[in-house]
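Dear colleague,

I am passing on the structure we spoke about, and below it you will find my notes on what turned up when I went through it. Please read them with the structure open beside you.

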Amino acid sequence: MHYVTTKAKQNHIHVIRERCKGCSFCVEFCPQHILYQTTETNAKGYQLIAVADQDKCTGCGMCSRVCPEFAIFVETPDGKQ
Amino acid sequence: MSSKGQITGEFFLSGDEACAEGALAAGCRFFAGYPITPATEIAETMSERLPEVGGTYIQMEDELGSMAAVLGAAWGGVKAMTATSGPGFSLMMENIGLGIMLETPCVVVDMQRAGPSTGLPTLTGQGDMMQARWGSHGSYSIIALSPSSPQELFDLTIKAFNLSEKYRLPVLVMSEEAIGHMYEKVTIPPVDAIKLTPRRKPNVPPREYLPYVADDDLVPPMAIAGEGYRFHITGLTHDERGYPANSAEAQDKLVRRLVDKIDKNRDSIIEVAESGIEGADVVVCSYGISARVSAIAIERARALGIQVGMLRLITVWPFPEKRVREIAARIRAFVVPEINYGQMVLEVERAACGRARTILVPHMGGAVHDPETILDAIKQAAK
Amino acid sequence: MKTTAMASIGTHPLDEYLRADRLPHIWCPGCGLGTVLGATLRAIGRAGLDTEKTVMVSGIGCTGRAAGYVKLDSFHVTHGRALPFATGLKLANPDLKIIVFSGDGDLTAIGGNHLIHTARRNIDMTVICVNNFIYGMTGGQLGPTTPEQGRTTTSRAGNIEKPFNIPRLVAAAGGTYLARWTTAHVRQMERAFVEAMQKKGFSFVEVISPCPTYYGRMNEQATGLDQMRYYRYNSVVKHGANLDEVDISLNGPIIVGKFIDTEKPYLPAPKAKNGK
């Protein structure tokens, strides 16, 4: 049994802002090309990643797997990636 | 700890064999080592006897790996040891330092031979005594014991394991080829007559456990791997959580505790054997095989009417400086025979603080002293 | 995919395996170590390992810092000595599941002797060797895996030494499982880790990983992304490849895949049924 605090009907990408170091691996490896680097910075000065179009996310989890910072993950209807 | 395979009774053993049996009697169940004269027989005996008591022997590819494996085994929950001689002792220094830093109970036996370097592999020496204290880099304290007979090698190996568990550090047994290859009667008591110090286990549940929160005696309880404590430990300077702590403050706190946990408990650790100190003009201060040879010289000196006492160091580190200082105030001179060009004599001189002369009787190694040379020094000291 | 009992926004699904109080970690932006670590943690979950009995041992170097980030019994030991330390742990308690996570310098330079002997003995453990072709922690010196002509702070005119072909070295020594992947091959790497963890005997996975700050910057691949792209488009998957042909040259192809997957007696030997 598992619980999620929000029941995502579709996939939802979460970026943990304070962990992101703006390396852009996720941007590169997203097969849907829906991630991009912004000019917004976190407290450490790294330029954050944002999601261009959540609806196109297939929940493949490539972003989460390729991220070296444990800074991005996808919430899918059947759990987190 | 099972007593299956442990022996009891009177035996005619070499020092190396006695050391191995002492380790087994202490509950040692892991040996990782590398053959080196004159400690090889300890490894050979352990390779045969450990499986008999349910333990594990592994011959590692070198002494660096041996010491690392000993530490790993200790963290895996077993009492572990290795045995070597000078060249291997040098190789083990880095991981002895790791053992100190991680606060790992284990025993390292150095069967000294003449050095430096390859030296005289089959002949005795006592040239590693300062290395025992200072061989690894950084500031730390160490416990080192010096037996004078195969029986004492048996007894002190047990004591070494007990001290290592009590104070959580590698304890050194500094013996010599002369004792290691000497055959004498060794009495092995029955298992239940041997007092063993158990490992100090955590007294809080895993969720609350921090690996380096010390008890009042400055020693932290020790969790072992695989029991759910999920601790992280590192050779980097660390805080009570075990995490690397990159600051002078953390360094101060940690190093002081590592040194103080031995130095502040020295009265419970230090052991010496004394004879004839009361009323003595001269005291022979020695250890290991040299103490045995000194006994002959002392007997001859007393026969000549010289008031000479014996202070035999059983713990060489921490050094019994308080006792030496006390004695120094009441005698003319210390005579320090050792099979090196002067190592423990430096400690005697330091502790004596100029209150008594300190006369070194050196021997470069390869044999034990001729008692006459020690007698000459005693006569000179008595003048 | 296992989930935590209570999920909340902002808590990464791998946080149950991590000392999250120590994140963000010290590794540079674009360093691949976090990616390899993430794959390792996912593999621990997928392999069904008991995390109370899973232990990580690491050596010195950037890769060695990984042990400090995992919420397992973990040991950050001396340079090159992770393998013998792990050997002692495993022999003392064969129920432990040991993962050695260390770098190319730690495992093949100073630790080289221990590497070949631990493989020779076929000690049951999983070894993840992160190869970034450089000594990162000390500021970018060459190592035994730096490609010929590779520029480092101790080979500014280009490395004149031939590097190790790690898979060939390990295969010659022993072991039951051998694979190489890169950080661009996240799913394959994770699968290889699962197989290695479930395999009895010495299981070794080399992972090519970016070091942007030193190796990349000095060899015209200045960002982690540059190196990731290079791995992605220059890797050739050749399972069971002839190991004489998997050397890595500067800007050359990287042969990846599963090279060895076999059964052999291992140590510590399992107890026979009668408990002896």
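How far apart should the end C-alpha atoms of helix 4 of chain B be, given its 17 residues? At 1.5 Å a residue the helix should span 24 Å, and because its end C-alpha atoms are 24 Å apart, expectation and model agree; please bear in mind that the model is a predicted one. Helix 4 of chain B nevertheless bends by about 50 degrees at Met93(B), and just after the helix Glu103(B) takes a positive phi of about 60 degrees. The helix is mostly covered, with 12 of its 17 residues buried, among them Phe89(B), Met92(B), Glu94(B) and Asn95(B).

Turning to the contact between chains B and C, 36 residues come from chain B and 30 residues from chain C. On the chain B side, strand 2, strand 3, helix 3, helix 4 and strand 10 each supply at least two residues, and helix 3 of chain B gives the largest share, 9 residues. By class, that side of chain B divides into 21 nonpolar, 11 polar and 4 charged residues. Strand 10 of chain B also pairs with strand 2 of chain C in the parallel sense over 3 bridges, and Thr234(B) has His76(C) as its bridge partner.

Within chain C, helix 2 and helix 4 pack at an angle of about 35 degrees, with their axes 8 Å apart. Here Leu83(C), Pro84(C) and Thr87(C) of helix 2 meet His114(C), Leu115(C) and Thr118(C) of helix 4, a contact with 3 nonpolar, 3 polar and no charged residues.

With best regards

Methods. Residues numbered from 1 in each chain as written. Chains lettered and ligands numbered in written order. Predicted model: local features only at pLDDT ≥ 70, side-chain atom pairs only at ≥ 80, totals over all residues. Contact = placed C-beta atoms within 7 Å. Helix = DSSP H or I, 4+ residues; strand = E, 2+ residues; numbered from the N terminus. Nonpolar A, V, L, I, M, F, W, Y, C, P; charged D, E, K, R; others polar. Pairing = 2+ DSSP bridges. Axes fitted to C-alpha atoms, helices over the stretch in contact; angles between N-to-C directions. Expected span 1.5 Å × (residues − 1). Bend = angle between axes of the 7 residues up to and from the residue. Buried ≥ 20, exposed ≤ 12 C-beta atoms within 10 Å, placed from the backbone.
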